[in-house]
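I wanted a quick tour of this model before going back to the bench. These are my notes, in the order I looked things up.

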Amino acid sequence: MTADFGKAQKKAAEILKEYRITKPPIDPEAIAEEMGVDVRYADFSPDISKKISGFIRFNRDSGNAPQIIVNKAVSPRRKIFTIAHELGHYLLHRDYAEDDNRYQVMPRSNFYPEGKPPEEQEADCFAANLLVPEDMLRKYSAYASIETIEKLAGIFAVSKEVILDRMRFLGV
Ligand SMILES: [Zn+2]
């Protein structure tokens with residue numbers, strides 16, 4: 001299987017439309033809660049905390065609402081990206097995310113020792129498209145010069161790397 005970026009892009013666009021979101025910053029926690037997905041912030045033990053950003057659990061057996069668990073110790077922007085990424089799994093990868101042998105929690109380092117699975121690539125693509133929609137990036141970057149990547153990152157509440165990746169990809 002190879003990553004289907006078109007599918008991830010389309011889903012992000014659908015969500016923005018459905019929730020009538022027209023300007024940044026996009027709040028993926030509010031979207032998740034609207035969908036009935038509970039977002040929780042957790043304290044992990046130090047050895048776990050330094051490794052992971054977060055994960056999703058569906059709780060299908062218990063009948064409880066699905067939950068996105070976010071590491072309390074990561075930066076505010078990393079929290080936002082983590083929620084958007086896990087929301088991508090919720091919308092695109094239910095079978096994958098429920099399979100303990102395949103699903104991978106989101107690492108803090110963005111490093112996957114055995115290579116990044118296609119589902120992880122798609123969830124990142126979904127998150128980038130949800131948080132930094134093309135039309136909004138074009139609009140805001142039109143009056144922000146390259147020196148203000150930091151400013152754009154602030155407007156969209158994502159890291160500078162996410163903005164730079166999006167600009168490179170979209171040719172903005
Ligand atoms: Zn993931």
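**Metal site**

I began with two histidines, His85 and His89, and found both of them buried. I kept in mind that this is a predicted model.

What holds the zinc ion? I found His85 and His89, each through NE2, together with Glu120 through OE, at 1.9 to 2.1 Å. Along the chain I read the donor spacing as H-x3-H-x30-E.

How far apart are the two histidines in helix H4? They sit four residues apart in H4 (residues 76-92), so about one helical turn separates them. That fits the general rule: an α-helix has 3.6 residues a turn, so residues three or four places apart point the same way.

**The sheet**

Next I traced the strands. I got an open sheet of four strands in the order E1-E3-E2-E4, and the pairing is mixed. E1 (38-42) and E4 are the edge strands with a single partner each, so each has one side without a neighbour in the sheet.

I then went through the pairs:

- E1 and E3 run parallel, joined by five bridges. Arg40 has Ile69 in E3 as its bridge partner.
- E2 and E3 (residues 67-71) run antiparallel, with four bridges between them. Here I noted Ile56 standing opposite Ile68 of E3.
- E2 and E4 (residues 106-107) are antiparallel too, over two bridges. Gly54 stands opposite Met106 in E4.

How covered is E2? I counted it as mostly covered, since five of the six residues in E2 (residues 52-57) are buried.

Back to E1 and its parallel partner E3, joined by five bridges: H4 packs on this sheet and touches E1, E2, E3 and E4. The direction of H4 makes about 30° with that of E2.

**Helix H9**

I wanted to know which residues of H9 are buried. In H9 (residues 160-170) they are Val162, Ile163, Arg166, Met167 and Leu170. Looking down the axis of H9, I see these buried residues within an arc of 130°, so they line one face of the helix. I made a note that an arginine, Arg166, is on that buried list.

Which residues does H9 carry on the face turned away from its buried side? I found Glu161, Arg168 and Phe169 there, exposed. Phe169 is one I would look at again in the viewer, as an exposed residue.

What covers the buried residues of H9? The cover includes H4, H6 (118-131), H7 (134-141) and H8 (149-156). So the zinc-binding His85 and His89 belong to a helix, H4, that is also part of the cover over H9.

After H9 comes Gly171, with a positive phi near 65°.

**H1 against H6**

I checked how H1 (residues 5-18) lies on H6. The two helices pack at an angle of about 35°, and their axes are 8 Å apart. The crossing of H1 past H6 is right-handed.

Which residues meet there? From H1 I listed Phe5, Lys7, Ala8, Gln9, Lys11, Ala12, Ile15 and Leu16. From H6 I listed Gln121, Glu122, Cys125, Phe126, Asn129 and Leu130.

**Odd backbone spots**

I looked for unusual peptide bonds and noted the one from Pro24 to Pro25, which is cis with omega near -5°. Pro25 is in the loop between H1 and H2 (28-34).

Then I noted two asparagines with positive phi. Asn59 has a phi of about 55° although it is not a glycine, and it lies in the loop between E2 and E3. Is Asn59 buried or exposed? It counts as buried, because its relative accessibility is 19% and the cut-off is under 20%.

Asn110 also has a positive phi, of about 65°, again without being a glycine. I placed Asn110 in the loop between E4 and H6. At 41% relative accessibility, Asn110 counts as partly exposed.

**Ser49**

Last stop was Ser49, in helix H3 (residues 46-49). Ser49 is buried, with a relative accessible area of 10%. Leaving out residues up to four places away in sequence, Ser49 touches Phe44, Asn71, Ala73 and Arg108.

Terms used
Residues numbered from 1 in each chain as written. Predicted model: local features only at pLDDT ≥ 70, side-chain atom pairs only at ≥ 80, totals over all residues. Heavy atoms only, no water. Donors = N, O, S within 2.8 Å, 3.2 Å for Na, K, Ca; no water. Buried < 20%, exposed > 50% of the residue type's maximum accessible area, 1.4 Å probe, protein only. Pairing = 2+ DSSP bridges. Arc of directions from axis to C-beta. Contact = heavy atoms within 4.5 Å. Axes fitted to C-alpha atoms, helices over the stretch in contact; angles between N-to-C directions. Left-handed = near helix turned anticlockwise from the far one by under 90°.
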